[in-house]
Amino acid sequence: MISWHDLYTVLCAVVPLYVAMILAYGSVRWWGVLTPDQCSGINRFVAVFAVPLLSFHCIAASNPYVMNLRFVAADTLQKVIVLAALAVWSCLPARGGGGGGGATRAPPIDWSITLFSLSTLPNTLIMGIPLLVAMYGRYSGDLLVQVVVLQCIVWYTLLLVLFEFRAARALIAGQCPDTAAAIADVRVDPDVVSLAAMRPGERVASFKAEAVQDALAKLESGSADQRQNVKDDGGENGGGAGAGRAGGQAPAGVMMRLILTMVWRRLIRNPNTYASVVGLTWSLISFRFHIAMPIIVRNSISILSDAGLGMAMFSLGLFMAMQPKIVACGNSVAAITMAIRFLLGPAVMAATSAAVGLRGTLLCIAIVQAALPQGIVPFVFAKEYDLHAAILCTGVIFGMLIGLPIALVYYIILGLL
């Protein structure tokens with residue numbers, strides 16, 4: 001049974017996080033203490049130092065050799081099932097639209113990416129660990145660290161692959177609308193970190209075609225320098241072969257190389273990638289050979305990682321204050337977004353947890369973890385790639401406002417059951 005003391009313990013652990021968020025919001029909206037430029041600097045500090053060091057601290061302190069495989073399997077199975085369902089849905093014939101070929105209708109992959117983010121990627125590191133530790137004890141924190149590792153290394157990378165795949169299709173469709181099938185290779189400028197950096201009319205890539213004549217015709221309106229980027233990769237009769245392969249989609253191998261190149265460029269420039277990989281590597285070494293981290297190194301990391309949680313919530317409050325309104329996507333869409341985040345995600349997690357044999361407290365931890373507010377990383381991606389950013393923004397902001405009471409409701413109900 002859940003007692004008032006249990007609820008008070010949970011509130012004591014989580015309310016201070018909301019205090020940091022409210023103070024940040026008020027410093028911009030109510031008191032005018034911080035300017036937009038100052039907010040940008042704080043957010044940059046949090047993204048580059050505070051959160052990566054917090055991730056490293058949590059991962060490095062968790063023993064990977066006592067990983068609960070069933071708990072990890074339940075979390076993984078939830079995401080796989082959602083991905084499979086969305087893949088099947090995206091392959092179904094589109095309804096409506098007619099006429100112009102559905103130019104104004106969002107492609108299925110767009111909604112698949114957004115729905116995957118909303119239903120399976122909660123704010124586990126910043127909100128989940130302190131909340132569930134207060135609810136279910138220190139062991140729940142260790143379990144969530146395992147989820148955080150998979151989130152950072154596997155699922156955010158997969159999400160990035162999906163975004164870059166969408167951007168690559170848009171790049172090729174926009175710059176090679178009639179000769180996509182003739183492309184043999186795509187080379188992106190070295191200074192381009194993401195295909196999302198492409199602007200209308202801007203060329204960030206050169207295309208090597210199998211048929212030079214046909215390719216020079218995907219560029220007849222371009223400049224001489226742009227036409228020079230196209231090199232012949234076919235034979236003397238390549239023009240006819242290229243004409244026969246014009247149109248359609250780029251070859252799968254070309255798309256795969258392009259996507260992997262851009263994803264790799266993003267990952268090696270992301271501090272969280274290094275924090276997760278180095279943290280996991282250190283935990284594997286330290287718990288295997290019982291090696292303690294040198295005090296001078298531990299203190300150097302902890303001085304910033306200890307502030308990471310509070311600074312992350314403060315940064316979230318600044319983000320909320322900088323938005324024109326809390327519900328950015330409209331009330332009806334916001335309601336659907338909240339239903340997906342707080343009902344569908346936990347429901348699928350409950351099913352997958354039961355399927356792998358989770359019972360008792362472990363089942364409760366899995367469900368409450370799935371009912372956390374929306375993670376902010378998917379919103380950052382959505383904003384950068386210009387895909388349903390208003391929906392993810394609402395999921396982050398409004399989800400944080402109602403996330404604590406909803407988590408408490410789940411906690412009480414599951415405790416009674």
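Which residues does Ser315 touch, not counting residues up to four places away in sequence? In this predicted model, Ser315 touches Asn43 and Val46 once those sequence neighbours are set aside. Ser315 is found in helix α12, and because its relative accessibility is 12%, under the 20% cut-off, Ser315 counts as buried. Helix α2 spans residues 36-60 and helix α12 spans residues 295-322, and both of these helices also appear in the description of the largest pocket, to which we turn next.

Rolling a probe the size of a water molecule over the atoms shows where empty space is left. The largest pocket holds about 1400 Å³ of such space, and of the 45 residues that line this pocket, those closest to its centre are Ala47, Asn272, Ile376, Val377 and Val380. The helices that each supply at least two residues of the lining are α2, α5 (124-136), α6 (138-175), α10 (252-267), α11 (271-289), α12 and α15 (376-384). Among these contributors, α2 gives the most to the lining, with 10 residues. In chemical terms, the lining of the largest pocket divides into 25 nonpolar residues, 14 polar residues and 6 charged residues.

Following the chain beyond α15, one comes to the loop between α15 and α16, where Asp386 is found. The phi angle of Asp386 is near 55°, which is a positive value in a residue other than glycine, and Asp386 counts as exposed because its relative accessibility is 64%, over the 50% cut-off. The place of His388 is likewise in the loop between α15 and α16, and the phi angle of His388 is near 50°, again a positive value in a residue other than glycine.

Helix α16 covers residues 389-416, and Thr394 is found within this helix. With a relative accessibility of 0%, Thr394 counts as buried. What does the side chain of Thr394 have around it, as regards backbone nitrogen? A polar atom of the Thr394 side chain lies 3.0 Å from the backbone nitrogen of Ala328, and the backbone nitrogen of Cys329 lies 3.4 Å from a polar atom of that side chain. Leaving aside neighbours within four places in sequence, the residues in contact with Thr394 are Ile326, Val327, Ala328, Cys329, Ala334, Met338 and Gly399, so that Ala328 and Cys329 figure both in this list of contacts and in the two polar distances just described.

Helix α16 also has a part in covering another helix, namely α14. In α14, which runs over residues 360-370, the buried residues are Cys364, Ile365, Ala366, Ile367, Val368, Gln369 and Ala370. What covers these buried residues of α14 includes α3 (69-91), α5, α6, α13 (331-356) and α16; of these, α5 and α6 were met above among the helices that supply residues to the lining of the largest pocket.

A further buried site is offered by Phe116, which lies in helix α4 (residues 108-120) and counts as buried at a relative accessibility of 0%. Leaving aside neighbours within four places in sequence, Phe116 is in contact with Lys79, Val82, Leu83, Leu86, Leu121, Trp155 and Leu159. The C-alpha atoms of Phe116 and Ala85 are separated by 9.9 Å, although these two residues are 31 residues apart along the chain.

The remaining topic is the aromatic rings. A pair of aromatic rings is described by the distance of the centres and the angle of the planes. The count of aromatic pairs comes to 8, and one of them joins Tyr25 and Trp30, whose ring centres are 5.5 Å apart and whose planes stand at 75°, so the pair is edge-to-face. Trp30 and Trp31 form another edge-to-face pair, at 5.9 Å centre to centre and with 75° between the planes. Tyr25, Trp30 and Trp31 thus form one aromatic cluster. Is this cluster made of residues that are buried or exposed? Tyr25 counts as buried at 17% relative accessibility, whereas Trp30 counts as exposed at 54%, and Trp31 is exposed as well. Trp30 is found in the loop between α1 (4-29) and α2, and, not counting residues up to four places away in sequence, Trp30 touches Ile22 and Tyr25.

Key:
Residues numbered from 1 in each chain as written. Predicted model: local features only at pLDDT ≥ 70, side-chain atom pairs only at ≥ 80, totals over all residues. Heavy atoms only, no water. 1 Å grid on protein atoms, 1.4 Å probe; cavity = no way out; pocket = protein on both sides within 12 Å on 5 of 7 lines; lining within 4 Å. Points joined across faces, edges and corners; volume = space filled by probe spheres on them. Helix = DSSP H or I, 4+ residues; strand = E, 2+ residues; numbered from the N terminus. Nonpolar A, V, L, I, M, F, W, Y, C, P; charged D, E, K, R; others polar. Buried < 20%, exposed > 50% of the residue type's maximum accessible area, 1.4 Å probe, protein only. Polar contact = N/O pair within 3.5 Å; in protein donor to acceptor, adjacent residues only side chain to side chain. Contact = heavy atoms within 4.5 Å. Phe/Tyr/Trp six-rings, centres within 6.5 Å; stacked < 30°, edge-to-face > 60°.
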